[in-house]
Amino acid sequence: GKILISIAPNPFTEHVKLNVHCDKATRLTIRLLNNSGQIVTSSKYDTKQGNNELRINNLSNLPKGIYSLELTNVEGNIKEVYKL
């Protein structure tokens, strides 16, 4: 399956909004990792075919820095990493 993603705002303050376009319905695991590779937040989302708007909230307490956003689908074969 193919997944197209756009992320805003970058850099984030309180939340990250993901626009995820899937060619088929799937379940995504989205993890936010800090610079040391520790998982700051991990969420599962069931996406439908087409456009999905996902939000990761309550990020205002995170220290400023570089974060990686990691997306994996349920089969585990798509892994996308984005720097925030």
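**Entry 1: Overall fold**

What pattern does the chain follow when it is read along the sequence? I found the pattern β-β-β-β-β-β-β. I note at the outset that this is a predicted model. My tally of the secondary structure came to seven strands and zero helices.

**Entry 2: Dimensions and surface**

I next looked up the extent of the chain. Along the principal axes, the C-alpha atoms fill a box of roughly 35 × 20 × 15 Å. I then compared the radius of gyration with the value for a compact globule. For 84 residues such a globule would have a radius near 12 Å, and the chain has 12 Å, so the two agree.

I asked what share of the 84 residues counts as buried. The figure is 39%. For the surface, I recorded an exposed area of about 5200 Å², of which carbon and sulfur atoms supply 47%.

I also looked up the charges. The chain has 11 positive and 7 negative charges, and their mean positions are 3 Å apart.

Finally, I examined contacts with a sequence separation of 6 or more. Residues 24 or more positions apart account for 51% of these contacts.

**Entry 3: The nonpolar core**

Which residues have the most contacts inside the largest nonpolar core? I listed F12, L18, V20, I30, L32 and L69, in a core of 19 residues. The elements that give two or more residues to this core are β1 (3-8), β2 (16-22), β3 (26-33), β5 (50-56) and β6 (68-73). Of the elements, β2 gives the most, with four residues. I add a general remark: in soluble globular proteins, nonpolar side chains tend to be buried together.

I followed F12 in more detail. Not counting residues up to four places away in sequence, F12 touches L32, L59, L62, Y67 and L84. I note that L32 is also on the list of core residues with the most contacts.

**Entry 4: Two cis peptide bonds**

I inspected the backbone in the loop between β1 and β2, where P9 lies. A cis peptide bond joins A8 and P9, with omega at about -15°. P11 also lies in the loop between β1 and β2. A cis peptide bond joins N10 and P11 as well, and here omega is about 5°.

**Entry 5: The loop between β5 and β6**

I turned to N58, whose place is in the loop between β5 and β6. N58 has a positive phi of about 60°, although it is not a glycine. Is N58 buried or exposed? Its relative accessibility is 67%, and because the cut-off for exposed is over 50%, N58 counts as exposed.

G65 is also placed in the loop between β5 and β6. I recorded G65 as partly exposed, at 49% relative accessibility. I then looked up its separation from S43, which is 22 residues away along the chain. The C-alpha atoms of G65 and S43 are separated by 21 Å.

**Entry 6: H21 in strand β2**

I selected H21, which is found in strand β2. H21 has a relative accessible area of 34% and is therefore partly exposed. Leaving aside neighbours within four places in sequence, I found H21 in contact with K2, I3, L4, G50 and N51. I also looked up H21 and I5, which are 16 residues apart in sequence. From C-alpha to C-alpha, H21 and I5 are 6.4 Å apart in space.

**Entry 7: T26 in strand β3**

The place of T26 is in strand β3. Its relative accessibility is 12%, and because buried means under 20%, T26 counts as buried. Which residues are in contact with T26, leaving aside its neighbours within four places in sequence? I found Y45, D46, T47, N73, V74 and E75.

**Entry 8: E70 in strand β6**

My last residue was E70, in strand β6. E70 has a relative accessible area of 9% and is therefore buried. Leaving aside neighbours within four places in sequence, E70 is in contact with T29, I30, R31, L33, K79, E80 and V81. One of these, I30, is also among the core residues with the most contacts. I closed with the spacing between E70 and E80, which are 10 residues apart along the chain. Their C-alpha atoms are separated by 5.6 Å.

Technical notes:
Residues are numbered from 1 along each chain as its sequence is written. This is a predicted model: local features need pLDDT of at least 70, side-chain atom pairs count only at pLDDT 80 or more; totals for chains, interfaces and linings use all residues. Side-chain values use heavy atoms; hydrogens and water are left out. The radius of gyration is taken over C-alpha atoms; the globule rule is 2.2 Å times the number of residues to the power 0.38. Buried means under 20% relative accessible area, exposed over 50%, partly exposed in between (1.4 Å probe, protein chains only). Contact means heavy atoms within 4.5 Å. Accessible areas come from the Shrake-Rupley method with a 1.4 Å probe; for residues, only the protein chains shown count as cover. Lys and Arg count as positive and Asp and Glu as negative; His and the chain ends are not counted. The place of a charge is taken as NZ of Lys, CZ of Arg, CG of Asp or CD of Glu. A nonpolar core is a set of buried Ala, Val, Leu, Ile, Met, Phe, Trp, Tyr and Cys residues joined through side-chain atoms within 4.5 Å.
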